[in-house]
Amino acid sequence: MLAFKMLLRSWRGGQLRLIFASLVLAVAVVTSVALLAERVERALIAESSSFLAADLVVRSSKPFNPQWLQRAAEEGVRTAQTVSFASMTYHGDEMHLASVKAVESSYPLRGAVKRSQTPFATDEADIELVTQGPARGELWVDSRLLPLLDIQLGDAIELGDGSFTVSQILIEEPDGGSSFSMFGARILMNWQDLDKAAVIQPGSRVNYRLLLADGDDFEGYVDWLKPQLSVHERLITPDEAQASIASTMDRGRRFLLLAGSIGVVLAGIALALASHHFANGQTLQVALLKSWGIAARRVRSLYLQQIVLLGVIGSVIGLVLGWAFHQLLISAVREWLPIALPMAGPRPWITGMATGMLCLAGFTLPALWHLPAQSPLAVLRRDTPINNLNAAARGSLGVLAVALLLFWYSNNLWLSLAILLGFALTAMASIAVGLLLLRLGKTYGHWMGSIWRLALSNLWRRKKPSLIQMVGFSGAIALLMIMVVVRTSLIDEWRWQLADDAPNHFLVNVAAHELDGVKQLIDQRELETAGWYSMVRGRITLLNNLPPADVVPEDHESLRRELNLSWTRDLPEGNKVIQGQWWDDSTPQNGALAPVSLEEDIAKELGLKLGDTIQFSVGGLTFDAVITSTRSLNWDNMTPNFYFLFPEGYLEEYPRTHMTSLYIPAEEKLLVNDLLRKYPTVQVIELDKIIDRIRTIVSQVTRGLEMMTLLILGCGIVVMFAAVSLSMQERLQESAILRTLGSSRRLILGVQWVEFSTLGLMAGLLAALGAEFAVAMLQRFMFSLPFNWHPWLWMVGPVAGGLLVGVLGVAYSRKAVTQPPLQVLNSL
Amino acid sequence: MIDVSSISKQVVTSEGTLCILDNINLSVQAGETLAIVGASGSGKSTLLGILAGLDLPTSGTVSINGEDITAMDEEGRAAVRAGHVGFVFQSFHLLPGLTALENVALPLELQGVSDALQTAAHYLERVGLAARVGHYPRQLSGGEQQRVALARAFACRPTILFADEPTGNLDTGTGAKINDLLFDLNQEEGTTLILVTHEKTLAARCGRTLELQAGRQINSGNNA
C-alpha cells in the first residue's frame, strides 16, 4: 500500500514527528482526562447512592403497596424496606426516647454500615464495615445509648413489648444523613422483629422507606412506579438526599466537564498548529507529484489515506498512553483516595479516538485539500501562488471540528459556546492587539540596542506566523488560567463552607424557661453557638382568604404540618432577597397585616406572589400576613434557615421556643446526653456524621480536581511546544547565516530569547484578558459563585508567559549555536 | 514530436500588461536535443513550463505527439506528463524526508511499477551513487543531489526530458560532470532533451539552440 509506504518514509524522514507527537499527546490527554472524569464521576454517583443506601428511595408515611415489591422482584430490582419511628427504651430504671430504624435483611443496597464492639470508636481498626443489618433479636445502638441506659454490650433492653440484646455499636449507617436523629440515640433493629415489639400502631408517626437499586431495566421500573405514587409518597434521588452534597457534587461534575472540555480545545489547538506546520512542508511534494502527472484526485486520495492511517495509529497509541497516564495519576494519589474508582464505560475511549480523528481531519485536511489543485509550475517558480484555503477558512473548519467534539463531550450547548466564544474572542484580540504591539515594537525597538532591534523587526517581518503562535500561546495560557482560577475558587468555597468549626448540631424546641440552663451547659464546655433564634409553631389556614386546598391543587407538605415561624430585624447571613424589599426601621411593628418574607421555592410551590395574604393559626389564635419579599437561602452553611420570617413585634406574644446551631467536637459529644437527660423535651439534630461524610466527599472531589488540573497543564505545555516549533526552521536558518557572518552566541540566543519572551509576554497579557472574561462568565452561569477580580492573573500571565515561552524557544533553538552552521543548514 | 505554433504569454501586473513570450514557433523531433538560451528574464523558464504542460500560453498551441495539450484541462495535461515527460530542476527538488533510493523510486511507485526499488537502485548505480542509496538529501553534496535527480528523471523512461538550468547551482567542475552524465544518459535512453541554460558550453552540446530576448525568438538554428 503506497500511502502506508509514504507515511512510513515521512515518519523516518522526520516530517511527521511534530504532528504525530501532538496527535498522540492530544489523544492521550483527552483520553486520560475523560477516563479520570468518568471514573471520578461514577465514584461520586456511587458515593451519593451510598448516601441513600440505594440508587433511589421512595418515602412514605404508610406501608408500601405489596405489588410494587412483587413487580420489583420480577424485574430483578433489588429492594429493602426500612421504617423509622421514635420509641421509648428501658433498662432497669433508666429510659430513653430513641430514634429506631427497622431494616430488612437486604439493607443497605449501596454503601455499608459501620459497626464496632468499642463504644465511641474512631479508630478504623476497631470499626467493621458490613452490608447487612442486625439479626433477629439483636439491636445495634448508638454509643451514647450505653451511658444513657447504663448498659454494656450484650445486655438486653426493652423496646415496645419485646426484649432485645444489644449486640453491636452502630458507628454509622450509610443513609444516616437523610433522616436526622431528632429524638435521641439511634437504634437499628431487624424488620421481622417489628411484630414482636408491636410499637407501630395505627396513627403512629412513622417514616417508611423503600430502597431500590440495580435491575435489568431499572429506569423502566421507575417509570412504571412514578405514576402510582400518591401525595403521601415521594421519590428521592441521590442529589435530593442531601442538598449540600448535591451542590458539591454538581460543581465537582461541572468542573470535570469544564476541565475535559478545555483538554479537548487544547488538543485542538496543538493539532491545528502541528497541521499548519505539516501542510506547509508538503507544498514541494505536491508540486513534484503534479509535475510527474499525478492527477489532483489521486494526490488527494493519497493524502487522505495517509491522514486516516496517521489518525488511527496515533489515536490508538494515544489511547494506550492515556490509559497508562490516568493509571499512573490514580496510583500516585491512591493513598489520599479513600474510595475505589469504578471502571469507566466506552465513552472516554470514543472521546479520545474522536478527538484524534476529528481534529486531525478538521485541521489537516482543509490545509492539504487545495494543495493538489495548485499549479505544478511551483516546481519551476517558487513564487507561484498557492491556492489553498486561506487561514481563516481553514481555521473555521478546524474550529467546527472542535465545536462538534466539545458538544459531543460535554453534551452542553452553553458550555461549548462559552468556551468557543471565549477562545474566539481571545484569538481575535490576539490578532488585533498583537499586530499593534508588534508594530509598536518594530517602531520603537531601535532605541533598545541591536538584539532588541533585530528581534522586534524579525517578529514584525514574520508577523503571520508570529500571530498564529500568539493565538496558540494566548489560547493555551488563558485556558490554563481558567482551570486554575475556577479550581481554586471552588476549593476555597468548599473549605469556607466546611470550616473545621462549622456547626454540626442543631438544638431545637428549647422552651423559654430552659434557655438559660441550656446556655449555661454550653458555656461550661466553652462551646459557641451560631446565635439563638426564637420561633413559634403555626399552621397556614387561609391563602388569599381561601382555604389552602382550593388554591393549591396538591396536598403540599407545608399545609399538613406545623411550620416554624421566626422573626428577625436583619436579613440572616446567606439569605438573599429575590423579590420585594427587606423591612427597615420604618416598617410598622404592629400593623393589621404582618409583613412576611417567604423562601422563594415555597412561594412558587404555593403559587404565592408579593402582596398575597396568608392567615396563620398559632395555638388557636389567628393572624394575617402579607408577603413583602421572597428570599433564597444558603443550605450549605449549616446555620438555621427559616421559610417564613417576620419583622420584630408581631410574634412575640405567642408561646415560643428557641433554637440554635453549634459546633460540638467529638470529645464533647456527651454534652448531648447531658442535655437530653436534663431537658428531655429539647430536640437535638445531629449533623456531625453527615458533615464528616461531606468532608470526605469534598476531599475526594478536590483530589480529583487536582489530578485534572495537572493533566490539563501537561496538555498546555504540548500546545506551547507545537507553537514554538512552528517557525523554527526559518529561525534556525537565519541564525546559522548570522553565525556564518560571525555573529556572537550572545546575539543569536539573545535575539531568540527576546523574540520568544516578547511573544509569550504579549500572549500572557492577552490570555489574562480572555481568562478574566471567561472566568467571570463561568462563575456567574456555570458554578453560581460570586464574581471577583483576579489581579494576580494580570501579573502572572505576562511573566509566566514570557518566561515559559522564552525558555522553550531558546531551548529549541540552542542547536543554532551548539552545532557548526553548515551542519545546521544541511539538516534543514 | 513537439510542435509549437505562435505561442504568446502575457501577464497582468500593477504596471500594466507584461509580454513574457511573443509569437514563438518551434518544432522538436524525437531524439533531438534543444537548448533554450537567453539572459535572465528573457522568458526561458516560462517557455519550458509551457512546453512541458506545466503552464498555459495566453495564445497559440503546443502539441506533443500530435495532441494539442493547450486544449486539454489540467487532468489531461497531467496524463500527458505522466506518459511522456521527465524533469530535472536547478534546485534539485529532492524530498528531504526520503532517502536517495526512495526519492528515485517514488515516481515509479506512483506509476505502479512493480520493481520500483530495483529499477531505482539500477539508475542510482548508473549515476555512480550505488554506495549512497540510503542517504538523505541533507547528507549528500549538491552534485550528488543532482545526480539523484537525474536518476529519478531517467528511471521513469520519459520520451521527453525537460531540464531547467540543471547545473545552475553547481560549481564548474561538478557541473561539467553532471552535464556529461546528462548527455550520456540521454543518448543511452534515446530521450528528447529540452534544456534551459545560460551556459554557452552546455548549449553548444545540444543539437539545436533557441535564443530568446525579451520574450522574442531571435535565433533558432542547428549547432555546428
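Helices and strands are here DSSP runs, of at least four residues (H or I) for a helix and at least two (E) for a strand, numbered from the N terminus. On that basis chain A has 26 helices and 21 strands. The structure is a predicted model, with an ipTM of 0.87 and a pTM of 0.67. Chain B averages a pLDDT of 88, and 100% of the residues in chain B score at least 70. As a general caution, where pLDDT is low the predicted coordinates should not be read in detail.

**Chain A as a whole**

Chain A has 828 residues, of which 45% count as buried. If one takes the contacts in chain A between residues at least 6 apart in sequence, 86% of them join residues at least 24 apart.

**Strand pairing in chain A**

Strand E3(A), residues 94-103, is mostly covered, with seven of its 10 residues buried. E3(A) is joined by 10 bridges to strand E2(A), residues 78-91, and these two strands run antiparallel; within this pair Thr89(A) stands opposite His96(A). The hairpin formed by E2(A) and E3(A) has two residues between the strands, and Gly92(A) takes a positive phi near 60 degrees there. E3(A) is also joined to strand E9(A), residues 186-190, by five bridges, in this case with the strands running parallel, and Lys101(A) stands opposite Leu188(A) in E9(A).

A further set of pairings in chain A involves strand E14(A), residues 563-567, which is joined to strand E13(A), residues 533-543, by four bridges in the antiparallel sense. The bridge partner of Met535(A) in E14(A) is Ser566(A). E14(A) also pairs in the parallel sense, over three bridges, with strand E19(A), residues 644-646, where the bridge partner of Trp567(A) is Phe646(A).

The pairings described for chain A, together with one from chain B, are set out below.

| Strand pair | Sense | Bridges |
|---|---|---|
| E2(A) and E3(A) | antiparallel | 10 bridges |
| E3(A) and E9(A) | parallel | five bridges |
| E13(A) and E14(A) | antiparallel | four bridges |
| E14(A) and E19(A) | parallel | three bridges |
| E6(B) and E7(B) | parallel | four bridges |

**The sheet of chain B**

Chain B holds an open sheet of six strands in the order E6-E7-E8-E3-E9-E10, with mixed pairing. Strand E6(B), residues 85-88, and strand E10(B), residues 216-222, stand at the edges with a single partner strand each, so one side of each is left without a neighbour in the sheet. From one strand to the next the twist averages 15 degrees. At the E6(B) edge, the pairing with strand E7(B), residues 160-164, is in the parallel sense over four bridges, and Phe87(B) stands opposite Phe162(B) in E7(B).

**Helix H5 of chain B and its surroundings**

Helix H5(B), residues 142-155, has 14 residues and reaches 20 Å from its first C-alpha to its last, which is close to the 20 Å expected at 1.5 Å a residue. H5(B) is mostly covered, since 12 of its 14 residues are buried. Among the buried residues are the charged side chains' owners Glu144(B), Arg147(B) and Arg152(B), as well as Val148(B), Leu150(B) and Phe154(B). What covers the buried residues of H5(B) includes the strands E6(B) and E7(B) together with helices H3(B), H4(B) and H6(B), so that the edge strand E6(B) and its partner E7(B) reappear in this list. Just after H5(B), Arg157(B) takes a positive phi of about 50 degrees.

Two of the covering helices, H3(B) and H4(B), are connected by a loop in which Asp115(B) is found. Is Asp115(B) buried or exposed? A residue counts as exposed if 12 or fewer other C-beta atoms lie within 10 Å of its own, and Asp115(B), with 11 C-beta neighbours inside 10 Å, therefore counts as exposed. The C-alpha atoms of Asp115(B) and Ala105(B), which are 10 residues apart along the chain, are separated by 9.1 Å.

**The contact between the chains**

The contact takes 23 residues from chain A and 24 residues from chain B. On the side of chain A that touches chain B, the elements that give two or more residues are helix H1(A), residues 2-13, helix H9(A), residues 283-291, and helix H26(A), residues 821-827. H9(A) provides the largest share of that side, six residues. By class, the side of chain A that touches chain B has 11 nonpolar, nine polar and three charged residues.

Note on methods. Residues numbered from 1 in each chain as written. Chains lettered and ligands numbered in written order. Predicted model: local features only at pLDDT ≥ 70, side-chain atom pairs only at ≥ 80, totals over all residues. Contact = placed C-beta atoms within 7 Å. Buried ≥ 20, exposed ≤ 12 C-beta atoms within 10 Å, placed from the backbone. Pairing = 2+ DSSP bridges. Axes fitted to C-alpha atoms, helices over the stretch in contact; angles between N-to-C directions. Expected span 1.5 Å × (residues − 1). pLDDT = per-residue confidence, 0-100.
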